[in-house]
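Here is a friendly walk through one protein model, from a few individual residues to its internal cavities and overall make-up. Have the sequence and the 3D view open as you read.

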Amino acid sequence: MPASVKDVAALAGVSSSTVSNYLNHPHVLGAASRERVRSAIEQLGFVPNESARQLRAGSSKALALILLDAWLPYFHDLSRGVEDVAREGGWSLFFSNSNRDDAQERRNLDMFEAHRVQGIVIYPLGDVVPRLEALADRGIRSVVVGPIPDSSKVASVLFDDRDGGRLAGEHLVTLGRRRILFLGNPAVSQSNDRLAGLREAVAGTAATVTTIEVPHLATEDGLLAGEQIIAMPAAERPDAVFAANDMVAVGVLTQLLRHGIRVPEEIALVGFDDVAQAHQSVVPLTSVRQPGYEIGRAAGAALLQQLADPSAPPPATTPFPAELIVRESTVGR
């Protein structure tokens, strides 16, 4: 006989209403209660009634997308790619935003596990592979956008961030820039890879690299970093800035122009992602193109491939290559 809510509650040592909240409103529970209920559900193989009905009928067609920071334009492009593939395959897609918060990322995974989506695409903050492997054992397949440890149960779609950083660095060195400032977030692995590529490009040259941490990789961070640059003595300012994404670069550009600092004559500026705002800015922005829409489509396709043949290993995908799009923020008119 299938396990019931009461069975889960008894094993977890909580009330039936707590189990119901876990299934429908997991955010109202504390971490300890969520973990007890989750563990009991896993031990009993419990499936909520509605999900069980849909799975028996073969009609459950729900997927989930968990974004690192839904407000950034790059993630708009990526989510459109995933959504288009899901829609073309006849699937419904639910969205959530982790907002660069580990706890929120875990809550999002809890929520979609409780609602028994059949697959998840995630752009994570931390290492979520152990959790995703546990979900795979329960029939919920997943694709990570970004680098992951080797896994026999979780697929990934990669972009060559390191080469993107190298392309940006080589471009700036070729232009004769020698004091390069990198703006990134060391908590984000892709940002670190871009910095590593930049350092590779300047190794053995007369150029140096310094860094300023930008916590949210948003336009406001760029504005604040721009203030720091402006406050430096003119002789100590960088002659080039490489930002880990375009929105930070746009913030820096705005601040520099407000204070009469010429771009690129005094400070050259490179962004990353090549979102629409890069070519729309007052000084069109040189940027490393990361094709968010195409990456989203690839992730969605990899997920549907797993769902079509659950017994097959996760599909291997070819990393998307970096491409430098040169505009006026580094070479002028």
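Let us start at L78, which lies in helix α5, residues 73–88; helices (H or I, at least four residues) and strands (E, at least two) are DSSP runs, numbered from the N terminus. L78 is buried, with a relative accessible area of 0%, where buried means under 20%, exposed over 50% and partly exposed in between (1.4 Å probe, protein chains only). Leaving aside neighbours within four places in sequence, L78 is in contact (heavy atoms within 4.5 Å) with L65, L67, Y123, V145, G292, Y293, I295 and G296. The C-alpha atoms of L78 and T317 are separated by 16 Å, and these residues are 239 residues apart along the chain.

A word on the source: this is a predicted model, in which local features need pLDDT of at least 70 and side-chain atom pairs count only at pLDDT 80 or more, while totals for chains, interfaces and linings use all residues. Residues are numbered from 1 along each chain as its sequence is written, and side-chain values use heavy atoms, with hydrogens and water left out.

T317 turns up again beside S156, a residue of strand β5 (residues 155–157). Not counting residues within four places in sequence, S156 contacts V143, V144, G146, I148 and T317. S156 is buried, at a relative accessible area of 16%.

Next comes R138, in the loop between α7 (129–137) and β4 (141–145). Is R138 buried or exposed? R138 is buried, with a relative accessible area of 16%. Its side chain makes a polar contact with the side chain of E113 (2.7 Å). Such a contact is a pair of N or O atoms within 3.5 Å; within protein, one must be able to donate a hydrogen and the other to accept it, and residues adjacent in sequence count only if both atoms are side-chain atoms. Beyond four places in sequence, R138 touches I41, E42, F46, E113 and R116.

Now for the cavities. The structure holds four of 30 Å³ or more. On a 1 Å grid over the protein atoms alone, a cavity is a set of points where a 1.4 Å probe fits but cannot get out, and lining residues have an atom within 4 Å of a point. Grid points are joined across faces, edges and corners, and a volume is the space filled by probe spheres set on the points.

| Cavity | Volume | Lining by class |
|---|---|---|
| Largest | about 130 Å³ | eight nonpolar, four polar, three charged residues |
| Second largest | about 60 Å³ | eight nonpolar, three polar, one charged residues |

In these classes, Ala, Val, Leu, Ile, Met, Phe, Trp, Tyr, Cys and Pro count as nonpolar, Asp, Glu, Lys and Arg as charged, and the others, Gly among them, as polar.

The largest cavity is lined by 15 residues, of which F75, Y123, R194, L217 and D273 lie nearest its centre. Two elements, α5 and α9 (189–202), give two or more residues to this lining, and α9 gives the most, with three. The lining of the second largest cavity includes Y123, V145, G146 and I295.

Finally, the whole protein has 14 helices and 11 strands, and 53% of its 333 residues are buried. The mean pLDDT (the predictor's confidence in each residue, from 0 to 100) is 91, and 95% of residues reach 70 or more. Over residues 53–59, pLDDT stays under 50.

Definitions and conventions:
On a 1 Å grid over the protein atoms alone, a cavity is a set of points where a 1.4 Å probe fits but cannot get out, and a pocket is an open set with protein on both sides within 12 Å along at least five of seven lines; lining residues have an atom within 4 Å of a point.
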